[in-house]
Amino acid sequence: MNFTIFKRLIALPLNTSVDAVSSVIAYHVQKDGDSSFPSYDTISKGCGVARKTISRVVKTLERVGVLTRTYRASVLDGKESNLYRFTFEGIRFNRRGGLSNADYAKLKLKISRARDSVIDEMKKASKANKS
């Protein structure tokens, strides 16, 4: 577990499901690292949200620069997983690990817009699959 990542996540304007999913992913990060690879089932068990919610949250966090996701498949055993790396790209933290009021407000709006965009895309994909 990397406490620097937790400290940064706490400073972000995240809603309950985003906070829960990001915390479970962060929990699986090694002590001195910035990445982890918990399965959707592990994340779901850790925070009690559905796979669809996890997918929406991960896409939202990717769009705002909090984390990156890399798909991985093993040639040897055929297992698949995602590698999550916390980047906090473009987010300016102060010396104490927090955000200024202005940066907090900007990031809150950015997260809200990203979430709405992801939801719209997921609805369109769902409609296209039903057709």
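**Note on salt bridges, sheet and selected residues**

1. Six salt bridges are counted in this structure. The model is a predicted one, and every value below should be read in that light. Three of the pairs are taken up in the points that follow.

2. One of the bridges joins D34 to R85, with 3.0 Å between the closest N and O atoms. The two partners come from distant parts of the chain, 51 residues apart: D34 sits in the loop between α2 (16–27) and β1 (35–36), whereas R85 belongs to strand β3 (residues 80–86). With a relative accessible area of 30%, D34 is partly exposed. R85 is also classed as partly exposed, at 35% relative accessibility.

3. A further bridge is made by the side chains of R63 and E121, with an N to O distance of 2.5 Å. R63 is a residue of helix α4 (residues 51–63) and E121 a residue of helix α5 (residues 101–130), so this pair ties together parts of the chain 58 residues apart in sequence. R63 is partly exposed, its relative accessible area being 36%. E121 is partly exposed as well, at 41% relative accessibility. Neither residue counts as buried, because that class requires a relative accessible area under 20%.

4. The side chains of D116 and R115 also meet in a salt bridge, at 3.4 Å from N to O. D116 is partly exposed, with 38% relative accessibility. For R115 the relative accessible area is 24%, which again places the residue in the partly exposed class.

5. Turning to the sheet, three strands form an open arrangement in the order β1-β3-β2, and their pairing is antiparallel. The edges are β1 and β2 (67–73), each of which pairs on one side only. Between β2 and β3 the antiparallel pairing extends over seven bridges. Within the pairing of these strands, T70 stands opposite L83 in β3, and Y71 stands opposite N82 in β3.

6. The hairpin of β2 and β3 has six residues between its strands, and there G78 adopts a positive phi near 75 degrees. Helix α4 lies across β2 and β3, and its direction makes an angle of about 125 degrees with β2. Helix α4 thus enters this note in two settings: R63 in α4 is paired with E121 in α5, and the helix is also placed across two strands of the sheet.

7. Which residues does I54 contact, once its neighbours within four places in sequence are left aside? The partners are V21, Y40, I43, S44 and V49. I54 itself is part of helix α4. Its relative accessible area is 0%, and I54 is therefore buried. For one of these partners a backbone separation is also available: the C-alpha atoms of I54 and Y40 are 7.1 Å apart, with their positions 14 residues apart along the chain.

8. F88 deserves a check of its backbone. Most residues other than glycine have a negative phi. F88 is not a glycine, yet its phi is positive, at about 50 degrees. The residue is located in the loop between β3 and α5. At 5% relative accessibility, F88 counts as buried.

9. On the surface, a nonpolar patch is formed by M1, F3 and Y27, which together have about 360 Å² of accessible area. M1 belongs to the segment before α1 (3–11). With 37% relative accessibility, M1 is partly exposed.

10. A final remark concerns D19, which is placed in helix α2. D19 is partly exposed, with a relative accessible area of 34%. D19 and K123 are 104 residues apart along the chain, and their C-alpha atoms are separated by 23 Å.

Note on methods
Residues are numbered from 1 along each chain as its sequence is written. This is a predicted model: local features need pLDDT of at least 70, side-chain atom pairs count only at pLDDT 80 or more; totals for chains, interfaces and linings use all residues. Side-chain values use heavy atoms; hydrogens and water are left out. A salt bridge is a side-chain nitrogen of Lys or Arg within 4 Å of a carboxyl oxygen of Asp or Glu. Helices (H or I, at least four residues) and strands (E, at least two) are DSSP runs, numbered from the N terminus. Buried means under 20% relative accessible area, exposed over 50%, partly exposed in between (1.4 Å probe, protein chains only). Two strands pair if DSSP finds at least two bridges between them. Contact means heavy atoms within 4.5 Å. Axes are lines fitted to C-alpha atoms, for helices over the stretch in contact, and angles run from 0 to 180 degrees between N-to-C directions. Patches are made of residues with over 30% relative accessible area and no salt bridge: like charges are joined within 9 Å, nonpolar side chains (Val, Leu, Ile, Met, Phe, Trp, Tyr) within 5 Å. Accessible areas come from the Shrake-Rupley method with a 1.4 Å probe; for residues, only the protein chains shown count as cover.
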